[in-house]
Amino acid sequence: MTFEAFASDCQDRVENKLEQILPAASRSPRRLHAAMRYSALGGGKRVRPMLVYATGQMLDLPPALLDVPAAAIEIMHAFSLIHDDLPAMDDDDLRRGKPTTHIAFDEATAILAADALQPLAFEILAADQALNVAAERRIRLIQVLAEACGSSGMTGGQSIDLDAEGQSLDQQEIEHMYRLKTGELLRASVLMPAYCADGLETNDIDQLDRFINRLGLAFQIRDETLRQASPLSRNRCRLWHGNALRRPDLPGRADHLPGPEHSLPEARARPARALAAGRNPAGRRFESRVQGRHLRRGVLRLPLPRAAQG
């Protein structure tokens with residue numbers, strides 16, 4: 001199966017599951033439910049569900065068993081994007097080529113939609129009968145997701161990111177921020193299906209954990225470089241610059257920073273080094289047996305947006 005076919009299949013599966021579990025827009029409170037659906041449906045690469053299904057394929061788990069974890073991860077991701085885009089955070093007007101939730105609706109509705117999406121992720125892990133695992137495994141999945149989105153996960157990473165406005169962070173500080181802000185939810189995308197499998201040794205899980213930590217770092221480096229290169233990135237002008245990440249205090253004050261063409265060689269090299277550092281038996285098995293090799297190539301590919309190509 002090609003990566004494109006695999007990605008399309010994952011996207012279709014998780015989209016169908018999201019359509020099934022999200023409240024209908026016609027159901028009261030209609031505006032809230034419409035905002036939830038607007039934020040979670042019909043867009044995005046669905047990278048995290050792809051990791052769920054790819055890990056499950058490696059472990060010989062049926063895809064139907066993984067629809068709930070994949071949807072829960074994507075719902076949590078949608079929750080985080082709504083918050084990231086708010087004026088008090090990144091203050092972005094566009095997401096995936098369409099108005100962000102607080103622009104399409106209003107700020108209060110966006111906050112409430114995010115507030116409603118987060119418990120929905122835990123609700124389906126606790127109660128959806130399509131997740132045919134023992135109760136103690138459900139509890140473990142809920143724990144993994146909770147850890148990924150709390151103060152030791154993406155919420156903590158966002159806090160570090162906001163505190164870093166106008167400052168320079170060294171490489172260790174940047175990697176710590178990335179592991180929390182993005183890496184922990186990617187990590188949950190691999191560990192949750194692993195905890196659904198029978199007979200997996202602790203050493204196998206530890207190896208997968210180390211592998212996904214490095215893949216997550218590579219993914220975030222690539223994502224941040226693309227964001228810096230994109231003409232749609234209004235306020236978040238960030239760039240790897242030597243061993244530090246510089247972010248200007250105000251939009252349009254990045255004239256002293258090199259343009260995206262100067263950052264690309266390093267941005268391509270860092271993911272490769274990050275992935276190489278994470279190679280271990282479980283990581284190699286992930287890459288050799290399933291679409292892991294395609295996911296790895298996808299992380300390493302770094303095309304410039306057309307506007308940045310000149």
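How much accessible surface does the chain have, and what share of it belongs to carbon and sulfur atoms? In this predicted model, the accessible surface of the chain comes to about 13,800 Å², and carbon and sulfur atoms account for 50% of that area. The chain has 310 residues, of which 51% count as buried. Its secondary structure consists of 14 helices and five strands. When contacts between residues at least 6 apart in sequence are considered, 72% of them join residues at least 24 apart.

The interior was examined next. The largest nonpolar core comprises 67 residues, and Met76 and Leu145 have the most contacts inside it. At least two residues of this core come from each of the helices α1 (3-21), α2 (30-40), α3 (47-58), α4 (63-85), α6 (107-127), α7 (135-149), α9 (171-196) and α10 (202-229). The greatest contribution is that of α4, which gives twelve residues. With residues up to four places away in sequence left out of the count, leucine 145 touches Ala72, Ile73, Met76, Ala121, Phe122, Leu125, Leu185 and Met192. Another core, of six residues, lies apart from the 67-residue core; Ala164, Leu169, Met177 and Leu217 are among its members.

Helix α3 contains methionine 50. With a relative accessible area of 4%, below the 20% limit, methionine 50 is classed as buried. The C-alpha atom of methionine 50 lies 6.6 Å from that of alanine 7, although 43 residues along the chain separate the two.

Helix α2 provides a further view of the packing. Its buried residues are His33, Ala35, Met36, Arg37, Ser39 and Ala40, and these pack against α1, α4, α5 and α6. Glycine 42, which follows α2, has a positive phi near 70 degrees. On the other side of the helix in sequence, proline 29 is found in the loop between α1 and α2, and the peptide bond that leads from serine 28 to proline 29 is cis, with omega near -5 degrees. Most peptide bonds, by contrast, are trans.

Aromatic side chains were also surveyed. A search of the whole structure returned one aromatic pair. The ring centres of tyrosine 38 and phenylalanine 105 are 5.5 Å apart and the ring planes stand at 75 degrees; because this angle is over 60 degrees, the pair is edge-to-face. Tyrosine 38 belongs to helix α2, whereas phenylalanine 105 belongs to the loop between α5 (101-104) and α6, so the pair ties together parts that are 67 residues apart in sequence. Tyrosine 38 has a relative accessibility of 22% and therefore counts as partly exposed. The ring of tyrosine 38 also has the charged end of lysine 98 over it, at 4.2 Å from the ring centre. A second arrangement of this kind involves arginine 140, whose charged end sits over the ring of tyrosine 195, 4.4 Å from the centre of that ring.

Cysteine residues were considered with regard to cross-linking. The structure holds zero disulfides. Cysteine 10, at 1% relative accessibility, counts as buried, and cysteine 196 is likewise buried, with a relative accessible area of 5%.

Backbone conformation was then inspected in the loops. Most residues other than glycine have a negative phi. Aspartate 60 has a positive phi of about 60 degrees although it is not a glycine. Aspartate 60 is situated in the loop between α3 and α4, and with a relative accessible area of 58% this residue is exposed. Arginine 96, also a residue other than glycine, has a positive phi near 55 degrees. Arginine 96 lies in the loop that connects β1 (94-95) and β2 (98-99). Its relative accessible area is 35%, so arginine 96 is classed as partly exposed.

Conventions
Residues numbered from 1 in each chain as written. Predicted model: local features only at pLDDT ≥ 70, side-chain atom pairs only at ≥ 80, totals over all residues. Heavy atoms only, no water. Core = buried A, V, L, I, M, F, W, Y, C linked by side-chain atoms within 4.5 Å. Buried < 20%, exposed > 50% of the residue type's maximum accessible area, 1.4 Å probe, protein only. Helix = DSSP H or I, 4+ residues; strand = E, 2+ residues; numbered from the N terminus. Contact = heavy atoms within 4.5 Å. Areas by Shrake-Rupley, 256 points an atom, 1.4 Å probe, with all protein chains shown as cover. Phe/Tyr/Trp six-rings, centres within 6.5 Å; stacked < 30°, edge-to-face > 60°. Lys NZ or Arg CZ within 6 Å of the ring centre and 35° of its normal. Disulfide = S-S within 2.5 Å.
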